[in-house]
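Grab a coffee and work through a few exercises on charged side chains. Try each task yourself before you read its solution.

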Amino acid sequence: MALNDLRLHDVHNKLNSKELSVAELVGASYARIAETEPAIKAFITLNEENARQQASELDKQLQEGGERGLLFGLPAGIKDNIVTEGLLTTCASQFLSNYNPIYDATAVRKLKAAQSVTIGKLNMDEFAMGGSNENSSYYPTRNPWNPEYVPGGSSGGSAASVAAGQVYFALGSDTGGSIRQPAAYCGIVGLKPTYGLVSRFGLVAFASSLDQIGPLTKNVEDSAYVLQAIAGYDERDSTSANVDIPDYTSALTGDVRGLRIGVPKEYLGEGIDPRVKEAVLKALSVYESLGATWEEVSLPHTEYAIATYYLLASSEASSNLARFDGVRYGVRADNPSNLIDLYRKSRSQGFGPEVKRRIMLGTYALSSGYYDAYYLKAQKVRTLIKQDFDQVFSRYDLIIGPTAPTPAFRIGEQVGDPLTMYLNDICTIPVSLAGVPAISVPCGVADGLPIGLQIIGKAFDESTVLRAAHAFEQHTEHHMLRPQL
Amino acid sequence: MSITTKDVEHVANLARLELSDSEKEQFTGQLNAILKYAEKLNGLDTEGVEPTSHVLPITNVMRADEERPSLPIGKVLLNAPDDEEGQFKVPAVLE
């Protein structure tokens with residue numbers, strides 16, 4: 001098996017037994033990047049000099065012996081909206097093309113404590129707004145399975161990099177599906193934790209009531225290890241949940257006997273590609289054969305989720321992105337005539353079209369006379385959507401369906417039609433609005449493009465989500481397939 | 001409810017965005033399409049439903065009012081487009 005195909009745990013063992021050095025591991029990562037990056041374009045910034053230096057320091061530590069954590073020395077990629085001290089963090093925006101953060105996000109600080117190696121910063125849709133990576137203001141990332149296709153988004157660089165074997169794991173962020181959908185399109189595992197489980201401190205805010213950082217990995221076990229490292233209460237995030245963090249890997253028993261699975265009819269109805277539906281039904285039969293049961297259920301407010309999401313997320317974004325004014329950081333426009341003109345010019349030159357569109361939508365929805373009709377109405381519908389999940393979870397342990405209604409689409413196919421693009425998120429957005437955890441795991445391939453299975457759990461019950469995902473993996477080989485690069 | 005180019009100009013002003021004529025035209029069409037789609041929410045009766053601002057049962061997160069070290073000014077100004085005497089510098093606010 002190729003080095004970059006190994007599980008985190010196997011790499012860890014090789015480091016511990018000195019069969020492999022961190023320098024070799026990091027060197028292999030950059031060699032793979034040199035080989036595949038021209039076709040994929042997953043990274044915005046590489047951290048090569050620092051990473052190689054860190055590798056030699058870690059190798060010295062290895063020589064001293066002793067126990068090392070599981071992520072010790074492992075090459076990781078970080079989505080470019082998660083701030084990294086001294087390492088350019090652009091959010092794929094021209095506005096932040098020169099932004100060098102002066103602190104680390106809590107998730108990054110935790111990875112540093114675990115001594116993984118940051119290989120570089122990964123491409124994304126600008127400010128995480130988009131589902132295809134075509135909204136990056138630098139260049140679109142391409143799908144490793146077929147470079148004519150999108151990798152998904154907004155964590156498209158994170159998903160493509162892991163799928164291409166450039167890094168062992170990546171951090172992404174998910175607001176309405178931005179970890180799960182690219183993981184599905186790129187044939188890897190992507191986990192959106194429960195809202196509040198992973199600190200948002202240092203995640204450049206898009207929609208604060210929805211944003212969550214999570215891992216993208218090649219398999220479920222790796223996902224559990226990375227989640228273990230980044231989860232936990234943080235007083236610097238006022239919506240961080242003060243809950244006990246279980247040992248996630250101990251949940252990976254392979255045993256799903258007796259699990260009750262609800263399958264929402266709304267997720268397999270109109271608009272779902274028949275090949276996706278077939279792959280999901282096959283996955284359900286795997287669960288049946290393992291002793292779980294499934295039944296059709298209803299999440300009756302699903303059809304309202306996209307409208308609700310775009311009103312709420314855009315409203316929050318219009319407020320969050322007000323901080324980009326060309327005064328404290330970012331690119332300032334030349335020759336402003338006064339302070340207001342400085343704001344206006346800097347923002348107009350710095351933001352791309354999708355970001356402007358969402359700021360406009362959000363500003364409108366929050367503006368005097370429309371607040372009740374749009375923003376408040378959407379917050380009430382959010383309550384109904386959350387209640388849908390509460391009701392199903394009172395009778396079932398998990399909800400399973402597709403991650404996205406179709407496999408990846410062609411680059412350029414949906415540009416210029418924002419509404420159609422938004423409809424790709426129909427299976428992931430309701431989950432985000434409800435704030436519950438969900439994972440996407442590979443469950444098939446259609447015409448050379450991967451399909452993702454979405455496993456949704458109760459709030460803070462990542463253990464059951466991971467257990468079910470892992471059991472599926474143990475009995476199928478979808479996660480072993482690799483793109484030919 | 002349908003929005004006009006004039007509405008788009010008003011909202012752009014609130015959002016401190018300067019739009020070209022073609023952007024104004026494009027956003028008028030696209031925002032109308034998105035808002036028309038959003039009107040489907042009006043078909044739902046939400047009488048008596050409490051709004052959800054976020055899903056956690058958390059309100060008013062407090063901490064002890066104790067002094068803590070803040071970031072050094074020199075570091076904070078590292079990303080400033082312009083600064084002077086330890087402060088962010090902007091064009092004149094008053095004429």
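Here come some salt-bridge exercises on this predicted model.

**Exercise 1.** Work out how A:R52 and A:E48 are placed along helix 3 of chain A, and whether they are buried or exposed or in between.

*Solution.* Start with the contact: the two side chains form a salt bridge, 2.9 Å from N to O. Next, the helix: helix 3 of chain A covers residues 48-63, and A:R52 and A:E48 sit four residues apart in it, so about one helical turn separates them. Now accessibility: partly exposed lies between 20% and 50%. A:R52 has 39%, so partly exposed, and A:E48 has 32%, so partly exposed too.

**Exercise 2.** Find which parts of chain A are linked by the pair A:D397 and A:R260.

*Solution.* First, the side chains of A:D397 and A:R260 make a salt bridge at 3.2 Å, N to O. Then place them: A:D397 lies in the loop between helix 12 (371-393) and strand 9 (398-402), while A:R260 belongs to strand 7 (residues 260-264). They're 137 residues apart, so this pair ties together distant parts of the chain. Last, accessibility: A:D397 is at 15%, which means buried, given the cut-off of under 20%. A:R260, at 37%, is partly exposed.

**Exercise 3.** Describe the pair B:E84 and B:K89, then pick out a network.

*Solution.* B:E84 and B:K89 pair up in a salt bridge at 2.9 Å, N to O. B:E84 is partly exposed at 40%, and B:K89 is partly exposed at 34%. For the network, look at A:R7, A:D10 and A:E221, joined by salt bridges that share partners. Over all chains, the structure holds 27 salt bridges.

Notes: Residues numbered from 1 in each chain as written. Chains lettered and ligands numbered in written order. Predicted model: local features only at pLDDT ≥ 70, side-chain atom pairs only at ≥ 80, totals over all residues. Heavy atoms only, no water. Salt bridge = Lys/Arg side-chain N within 4 Å of Asp/Glu carboxyl O. Helix = DSSP H or I, 4+ residues; strand = E, 2+ residues; numbered from the N terminus. Buried < 20%, exposed > 50% of the residue type's maximum accessible area, 1.4 Å probe, protein only.
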